[in-house]
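Me: I've got a model open and I'd like to talk it through before heading back to the bench. Can we go piece by piece?

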Amino acid sequence: MKIKKLVIYLLYPILFFLKKFLRNEPQLRVLVFHYITSDQYEKFEDLIIKLNKNFQIISPNEFTEIIKGKKKIYKDSILLSFDDGYKSQFKASKILKRYKIKAIFFITLNFIKIKSKKKVKNFL
């Protein structure tokens, strides 16, 4: 079993390289974020800058049009998505706004209505 993992580990970069240059169609991906700690905002912004250079970051509306076949992509594309509506995502949204990037934010309504910290912990 260890040999199999080693072979996969060693071949992955080669296969990734070949796939990137041999495939004909650009790829569509969804990147899902959950929680960003306060010490990770700078790393998050660096990631956004790198993604912006290497991919087309699309809006939720563009994603819908692509999925429905109404729009084609010509470059590897990414949709950004955030789960649960944590407060940390509000700061992330400000970073995205700086770069004029739209994303999907899934907010749990019952969660944001909770006032008590104890009830928040129970909910989580």
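Reply: Sure. Keep in mind that this is a predicted model. A good place to start is the right-handed β-α-β unit made by E2, helix H3 (residues 60-67) and E3.

Me: Which strand pairs with E3 over three bridges, and what is the partner of Ile58 in E3?

Reply: Look at strand E2 (residues 56-58), which runs parallel to E3 and is joined to it by three bridges. Within that pairing, Ile58 has its bridge partner in E3, and that partner is Leu79.

Me: And which strand is joined to E3 by six bridges?

Reply: This one is parallel to E3 as well. One of the pairs puts Leu28 with Ser77 of E3. The strand joined by six bridges is E1 (residues 28-33).

Me: Which residue in E4 does Ser81 stand opposite?

Reply: Ser81 sits in strand E3 (residues 77-82). E3 pairs with strand E4 (residues 104-105) in the parallel sense, over two bridges. Across from Ser81 in E4 you'll find Ile104.

Me: Is Ser81 buried or exposed?

Reply: Check its neighbours: leaving out residues up to four places away in sequence, Ser81 touches Val30, Leu31, Val32, Phe33, Ile104 and Phe106. Its relative accessibility is 5%, and the cut-off for buried is under 20%, so Ser81 counts as buried.

Me: How many of the six residues of E3 are buried?

Reply: Take the strand one face at a time. Ser77, Leu79 and Ser81 are buried on one side, and Ile78, Leu80 and Phe82 are buried on the other. E3 is therefore largely enclosed by the rest of the structure, and the count of buried residues is six of the six.

Me: Back to the helix in that unit. Is Ile67 buried or exposed?

Reply: Ile67 is found in helix H3. Its relative accessible area is 57%, and exposed means over 50%, so Ile67 is exposed.

Me: How far apart in space are Ile67 and Leu28, C-alpha to C-alpha?

Reply: In sequence, the two are 39 residues apart. Leu28 is the residue whose bridge partner in E3 is Ser77. In space, C-alpha to C-alpha, Ile67 and Leu28 are separated by 9.5 Å.

Me: Now charges. How many salt bridges does a search of the whole structure find, and which helices does the Glu45 and Arg98 pair tie together?

Reply: The search turns up two salt bridges. In one of them, Glu45 pairs with Arg98, with the closest N and O atoms 2.7 Å apart. The two residues are 53 apart in sequence, so the pair ties together distant parts of the chain, namely helix H2 (residues 41-54) and helix H4 (residues 88-98).

Me: Which end of that pair counts as buried, Glu45 or Arg98?

Reply: Arg98 has 52% relative accessibility, so Arg98 counts as exposed. The other end has 18% relative accessibility, so the buried one is Glu45.

Me: What about Lys71: which residue does it form a salt bridge with?

Reply: The closest N and O atoms of this pair are 2.9 Å apart. Lys71 is partly exposed, with a relative accessible area of 27%, and its partner is partly exposed too, at 22%. That partner is Glu62.

Me: Where on the chain does the residue with a phi near 55 degrees lie?

Reply: Most residues other than glycine have a negative phi. Lys100 has a positive one, near 55 degrees. At 79% relative accessibility, Lys100 counts as exposed, and Lys100 lies in the loop between H4 and E4.

Me: Which residues make the nonpolar surface patch?

Reply: Start with Ile3, which lies in helix H1 (residues 2-22) and is exposed, with a relative accessible area of 64%. The patch covers about 470 Å². Its members are Ile3, Val7, Leu11, Ile14 and Leu15.

Me: Last one, on the whole chain: what order do the elements run in from the N terminus?

Reply: The protein chain has six helices and four strands. Of its 124 residues, 23% count as buried, and its exposed area is about 10,200 Å², with carbon and sulfur atoms supplying 59% of that. From the N terminus on, the order is α-β-α-β-α-β-α-β-α-α.

How values were computed. Residues numbered from 1 in each chain as written. Predicted model: local features only at pLDDT ≥ 70, side-chain atom pairs only at ≥ 80, totals over all residues. Heavy atoms only, no water. Patch = residues over 30% accessible without salt bridge, like charges linked within 9 Å, V, L, I, M, F, W, Y side chains within 5 Å. Areas by Shrake-Rupley, 256 points an atom, 1.4 Å probe, with all protein chains shown as cover. Salt bridge = Lys/Arg side-chain N within 4 Å of Asp/Glu carboxyl O. Buried < 20%, exposed > 50% of the residue type's maximum accessible area, 1.4 Å probe, protein only. Contact = heavy atoms within 4.5 Å. Pairing = 2+ DSSP bridges. Right-handed = clockwise from strand over helix to strand, strands pointing away.
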